[in-house]
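Here are my notes on this model, point by point. Please read them with the structure open.

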Amino acid sequence: MMPANPTRSDWPAPASRAAEFGAMTALLGVVLSGPLAMILVTTTHPQPTWQGPALYARSYHWVQILPYFAGLLLVTGFVILVASLHQLACRELKPLTTIALIFTSVFATLISFNYVVQTTFLPALVRDYRE
């Protein structure tokens with residue numbers, strides 16, 4: 001049983017390491033899917049303003065899916081972090097961390113579905129697009 005006010009040395013080592021790994025993975029995902037990916041896409045192959053699917057398909061380049069792959073890293077890290085924090089939480093906080101796990105699961109499912117569509121389905125549609 002953990003003390004009421006645990007210090008870092010009281011935390012279970014595997015859960016603590018997993019929380020650190022999740023936090024670092026999520027942070028890496030934020031940086032790679034946000035500023036770095038946007039700089040790369042906008043300087044190499046930006047999409048023009050929306051004027052219809054034909055122009056979108058003609059302007060599409062594989063580099064535009066990189067932010068979504070990095071976003072999967074962000075989502076994975078966030079799930080690991082929240083699950084680890086739930087494991088580390090004291091008994092009094094378990095109801096709140098359980099709610100956090102539920103919301104994290106919903107978030108991860110919706111965002112991951114979007115990212116899978118963006119990285120698999122959309123490139124196939126663009127590749128086979130016919131006017």
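1. Valine 30 is found in helix H1. At 42% relative accessibility, valine 30 counts as partly exposed, because the partly exposed class runs between 20% and 50%. Bear in mind throughout that this is a predicted model.

2. Valine 30 also belongs to a nonpolar surface patch. The patch covers about 600 Å². Its members are Met24, Leu27, Leu28, Val30, Val31, Leu32 and Leu36.

3. Threonine 25 is another residue of helix H1, which spans residues 13-44. Is threonine 25 buried or exposed? Its relative accessibility is 10%, so threonine 25 counts as buried. Which residues does threonine 25 touch, once neighbours within four places in sequence are set aside? The contacts are Leu73, Leu74 and Gly77.

4. Now the aromatic rings. A pair of rings is described by the distance of the centres and the angle of the planes. There are four aromatic pairs by the rule that ring centres lie within 6.5 Å. One of them joins tyrosine 56 and tyrosine 60, with centres 5.9 Å apart and planes at 45°, so this pair is tilted. The angle is neither under 30 degrees, as stacking would need, nor over 60, as edge-to-face would need.

5. The two partners differ in accessibility class. Tyrosine 56 has 22% relative accessibility and counts as partly exposed. Tyrosine 60 has a relative accessible area of 16% and is buried. The dividing value is 20%. Ring pairs also bring in Trp50, linking Trp50, Tyr56 and Tyr60 into a cluster.

6. Look next at tyrosine 68 and tyrosine 115. Their ring centres are 5.5 Å apart and their planes stand at 65°, so the pair is edge-to-face. Tyrosine 68 sits in helix H3 (residues 66-88), and tyrosine 115 sits in helix H4 (residues 94-127). The pair therefore ties together parts that are 47 residues apart in sequence. Tyrosine 68 is partly exposed, at 25% relative accessible area. Tyrosine 115 is buried, at 18%.

7. Back to tyrosine 60, this time for packing. Which residues make up the largest nonpolar core? That core has five residues: Ala57, Tyr60, Ile65, Leu122 and Val126. Leaving aside neighbours within four places in sequence, tyrosine 60 is in contact with Gln47, Ile65, Gln118, Leu122, Pro123 and Val126. Tyrosine 60 thus appears in the ring cluster with Trp50 and Tyr56, and in the largest nonpolar core.

8. How many salt bridges does the structure hold? The count is one. In a salt bridge, the side chains of aspartate 128 and arginine 127 meet at 3.8 Å, N to O. That distance falls within the 4 Å cut-off. Aspartate 128 is partly exposed, with a relative accessible area of 46%. Arginine 127 is exposed, with 58%.

9. Last, the loop between H3 and H4. Glutamate 92 lies there. Its relative accessibility is 61%, so glutamate 92 counts as exposed. Where does this leave glutamate 92 relative to leucine 32? The two residues are 60 residues apart along the chain, and their C-alpha atoms are separated by 36 Å. Leucine 32 is one of the residues in the nonpolar surface patch of point 2.

Definitions and conventions: Residues are numbered from 1 along each chain as its sequence is written. This is a predicted model: local features need pLDDT of at least 70, side-chain atom pairs count only at pLDDT 80 or more; totals for chains, interfaces and linings use all residues. Side-chain values use heavy atoms; hydrogens and water are left out. Rings of Phe, Tyr and Trp (its six-membered ring) pair if their centres lie within 6.5 Å; planes under 30 degrees apart count as stacked, over 60 as edge-to-face and the rest as tilted. Buried means under 20% relative accessible area, exposed over 50%, partly exposed in between (1.4 Å probe, protein chains only). Helices (H or I, at least four residues) and strands (E, at least two) are DSSP runs, numbered from the N terminus. Contact means heavy atoms within 4.5 Å. Patches are made of residues with over 30% relative accessible area and no salt bridge: like charges are joined within 9 Å, nonpolar side chains (Val, Leu, Ile, Met, Phe, Trp, Tyr) within 5 Å. Accessible areas come from the Shrake-Rupley method with a 1.4 Å probe; for residues, only the protein chains shown count as cover. A nonpolar core is a set of buried Ala, Val, Leu, Ile, Met, Phe, Trp, Tyr and Cys residues joined through side-chain atoms within 4.5 Å.
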